[in-house]
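Dear colleague,

I am handing over the structure we spoke about, and below it I have written out what was found in it. Please read the text with the structure open beside you.

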Amino acid sequence: MRNIGIIGGTGPQGKGLAHRFARAGHPVAIGSRSAERSAQTAQELNTRLGGGTSVRGTTNAGAAGSCDIAVLAVPFQGFAEVLRNLEADLADKIVICCVNPLGFDRQGAHGLYVPEGSAAEQAAAALGGSAVAAAFHNVSAVRLRDEPGPLDDTDILVAGDDPDAKSAAMELSAAVTGRTGIDAGALRNARVLEQLTAVLISVNKNYRVSAGIALSGLAADVRDRAGAA
Ligand SMILES: NC(=O)c1ccc[n+]([C@@H]2O[C@H](COP(=O)([O-])OP(=O)(O)OC[C@H]3O[C@@H](n4cnc5c(N)ncnc54)[C@H](OP(=O)(O)O)[C@@H]3O)[C@@H](O)[C@H]2O)c1
């Protein structure tokens, strides 16, 4: 079991992931700018989990400092400041980034320009002492919240340059989908995963769904092989 800290864990995405991770048996610390808000979220999740104390509320710094694996689940707006504030607390930790740098205008959702290439690469550049992977960009908070079972029609695509961070994210994906995440290559591919979410948001709006990603051509034995790598 891994101690997981969710930075921005009071939002729909952080809360949804926290619920799935805790249900899989991982102790989870919900981080927030407000310890009161995170305590409320932790209480709500512990109640949903049928009682117990596997989820606790704390500050973002508290969650970062106490975890083995941190999940960055804050909006892109304000992301640079979050990274600056948590650099010391996240040193030597595995950091999984699911931040999508997106803008919205009359034509819908669109990817924003990020000088480093992606939010995940920005995190890697800012958090020199952390091992960063990118995952969970394309799974909707609505499905995380509303569907009782594993999202087993969904693939979690994981990008990363650090093997430990990448395999940790691939393993944690199983708490969400029931199967290991897919190795989607180097961290620079996070820019594709992040911007792909603009496409999904457009699909969701047009069809009134909460679409995710599923790759074809990956039989179960092939998935197992990748997970063991
Ligand atoms: N929602 C989805 O379906 C979805 C799917 C895939 C990926 N994502 C990505 O996951 C991230 C979180 O999504 P979300 O929908 O949960 O976002 P959100 O509700 O807008 O924000 C999550 C939490 O971040 C904190 N926060 C808000 N503004 C902040 C700021 N300027 N600085 C620091 N913390 C701030 C808030 O917590 P406190 O006020 O308690 O500190 C908030 O509850 C985003 O980057 C999004 O692109 C979302």
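Leaving aside its neighbours within four places in sequence, which residues is L215 in contact with? Before the answer, please keep in mind that this is a predicted model, and that the values below are computed from it.

The residues that L215 contacts, once those within four places in sequence are set aside, are D155, L157, I182 and R223. L215 itself sits in the loop between α8 and α9 (220–228), and because its relative accessible area is 34%, between the 20% and 50% cut-offs, it counts as partly exposed. Its partner I182 is 33 residues away along the chain, and the C-alpha atoms of the two are separated by 9.0 Å.

L218 belongs to the loop between α8 and α9 as well, and with a relative accessible area of 26% it is partly exposed. When residues up to four places away in sequence are not counted, L218 touches I182 and R223, both of which are also on the contact list of L215. L218 and I182 are 36 residues apart along the chain, with 9.6 Å between their C-alpha atoms.

Turning to the whole chain, the protein has nine helices and 10 strands. For 229 residues a compact globule would be expected to have a radius of gyration near 17 Å, and the 16 Å found for this protein agrees with that. The C-alpha trace spans about 40 × 40 × 40 Å along its principal axes, and buried residues account for 48% of the 229 residues. Among contacts with a separation of 6 or more, 73% are made by residues that lie 24 or more positions apart. The accessible surface of the protein amounts to about 10700 Å², and carbon and sulfur atoms contribute 51% of it.

The largest pocket may be a good place to look next in the viewer. Its volume is about 990 Å³, and the elements that give two or more residues to its lining are α1 (12–23), α3 (60–66), α4 (79–86), β6 (102–105) and α8 (190–207). In total 38 residues line this pocket, and those nearest its centre are Q13, A73, V74, P75 and F76. Sorted by class, the lining is made up of 18 nonpolar, 17 polar and three charged residues.

One residue of helix α4 was examined on its own, namely L83. L83 has a relative accessibility of 3%, and therefore counts as buried. Apart from neighbours within four places in sequence, L83 is in contact with L72, Q122, A123, A126 and L127. The last of these, L127, is 44 residues from L83 in sequence, while the distance in space is 7.0 Å from C-alpha to C-alpha.

There is also an enclosed space to report, since the structure holds one cavity of 30 Å³ or more. The largest cavity has a volume of about 40 Å³, and it is lined by F136, H137, N138, V139, T154, D155, I156, L157 and I213. By class, five of these lining residues are nonpolar, three are polar and one is charged. Two residues of this lining, D155 and L157, are also among the contacts of L215 described above, so that the cavity lining and the loop residue can be inspected in one view.

Finally, two residues that are not glycine deserve a look at their backbone angles. Where do they lie, and are they buried or exposed? F136, which also lines the largest cavity, has a positive phi of about 70° although it is not a glycine; its place is in the loop between β8 (131–134) and α6 (141–146), and with a relative accessible area of 1% it is buried. D92 likewise has a positive phi of about 70° without being a glycine, and it lies in the loop between α4 and β5 (94–97). Unlike F136, which is buried, D92 has a relative accessibility of 74% and therefore counts as exposed.

With best regards

Technical notes
Residues are numbered from 1 along each chain as its sequence is written. This is a predicted model: local features need pLDDT of at least 70, side-chain atom pairs count only at pLDDT 80 or more; totals for chains, interfaces and linings use all residues. Side-chain values use heavy atoms; hydrogens and water are left out. On a 1 Å grid over the protein atoms alone, a cavity is a set of points where a 1.4 Å probe fits but cannot get out, and a pocket is an open set with protein on both sides within 12 Å along at least five of seven lines; lining residues have an atom within 4 Å of a point. Grid points are joined across faces, edges and corners, and a volume is the space filled by probe spheres set on the points. Ala, Val, Leu, Ile, Met, Phe, Trp, Tyr, Cys and Pro count as nonpolar, Asp, Glu, Lys and Arg as charged, and the others, Gly among them, as polar. Helices (H or I, at least four residues) and strands (E, at least two) are DSSP runs, numbered from the N terminus. The radius of gyration is taken over C-alpha atoms; the globule rule is 2.2 Å times the number of residues to the power 0.38. Buried means under 20% relative accessible area, exposed over 50%, partly exposed in between (1.4 Å probe, protein chains only). Contact means heavy atoms within 4.5 Å. Accessible areas come from the Shrake-Rupley method with a 1.4 Å probe; for residues, only the protein chains shown count as cover.
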